[in-house]
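The following exercises concern strand pairing, helix packing and aromatic contacts. Each task is followed by a solution in steps.

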Amino acid sequence: MTTVLVADDDLDIRELVAFKLTQAGYEVRSAPDGAAALDAARAGGVDIVVLDLMMPGLSGLDVCAELRRSPVTAALPVIMLTARAQDQDVASGFAAGADDYVVKPFSPRELVSRVQAVLGRARP
């Protein structure tokens with residue numbers, strides 16, 4: 001089963017995303033902040049990460065950049081899920097290594113579609 005790591009400091013968002021992804025057939029792991037997300041990704045068994053940009057401690061940008069620096073997690077697909085919608089924010093997300101960028105408020109159905117699309121591109 002494909003495992004998605006969802007990292008967001010907002011419990012309601014984490015639960016909504018987890019619910020929709022579970023309905024779509026994914027296993028979901030959750031992290032309440034950037035440090036926990038980084039630990040979970042490094043522990044392995046994760047196929048894709050959905051990261052909030054603004055979290056306490058390590059931001060989603062920090063986590064994404066750190067994932068890209070490590071050979072173990074460098075190829076792990078990352079989708080940023082954030083309220084930051086300015087062109088500069090989007091550019092920063094992609095510069096940190098994000099594979100996609102979804103702006104809040106978002107359609108849960110669209111997020112599931114984007115997870116499927118990013119995974120499809122990541123797998124041969």
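Two strands count as paired if DSSP finds at least two bridges between them. The model examined here is predicted.

**Exercise 1. Determine which residue of β2 is the bridge partner of Val6, and place both strands in the sheet.**

Solution. Step 1: β1 comprises residues 3-7, and β2 comprises residues 27-31. Step 2: these strands pair in the parallel sense over five bridges, and Ser30 is the partner of Val6. Step 3: β1 also pairs with β3 (residues 48-52), again in the parallel sense, over four bridges; here Ala7 has Leu51 as its bridge partner. Step 4: β3 in turn pairs with β4 (residues 78-82) in the parallel sense over four bridges, with Leu81 of β4 as the partner of Asp52. Step 5: the result is an open sheet of five strands in the order β2-β1-β3-β4-β5, with parallel pairing. Its edge strands are β2 and β5 (100-103), each of which pairs on one side only. On average, neighbouring strands are turned by 20° against each other, direction ignored.

**Exercise 2. Establish whether the faces of β1 are covered or exposed, and state the handedness of the β-α-β unit that contains β1.**

Solution. Step 1: five of the five residues of β1 are buried. Step 2: Thr3, Leu5 and Ala7 lie on one side, Val4 and Val6 on the other, and both faces are covered. Step 3: together with helix α1 (residues 11-23) and β2, strand β1 makes a right-handed β-α-β unit.

**Exercise 3. Classify the packing of α1 against α5.**

Solution. Step 1: two packed helices are described by the angle between their axes and the distance between the axes. Step 2: the axes of α1 and α5 (residues 108-122) come within 10 Å and cross at roughly 60°. Step 3: angles of 65 to 115 degrees would count as roughly perpendicular and those under 35 degrees as roughly parallel; α1 and α5 are therefore oblique to each other. Step 4: the crossing of α1 past α5 is right-handed.

**Exercise 4. Count the aromatic pairs and classify the geometry.**

Solution. Step 1: ring centres must lie within 6.5 Å for a pair, and by this rule there is one aromatic pair. Step 2: the ring centres of Phe94 and Tyr101 are 6.3 Å apart and the planes stand at 40°, so the pair is tilted. Step 3: Phe94 is partly exposed, at 42% relative accessibility, whereas Tyr101 is buried, at 7%.

Technical notes
Residues numbered from 1 in each chain as written. Predicted model: local features only at pLDDT ≥ 70, side-chain atom pairs only at ≥ 80, totals over all residues. Heavy atoms only, no water. Buried < 20%, exposed > 50% of the residue type's maximum accessible area, 1.4 Å probe, protein only. Helix = DSSP H or I, 4+ residues; strand = E, 2+ residues; numbered from the N terminus. Right-handed = clockwise from strand over helix to strand, strands pointing away. Phe/Tyr/Trp six-rings, centres within 6.5 Å; stacked < 30°, edge-to-face > 60°. Axes fitted to C-alpha atoms, helices over the stretch in contact; angles between N-to-C directions. Parallel < 35°, antiparallel > 145°, perpendicular 65-115°, else oblique. Left-handed = near helix turned anticlockwise from the far one by under 90°.
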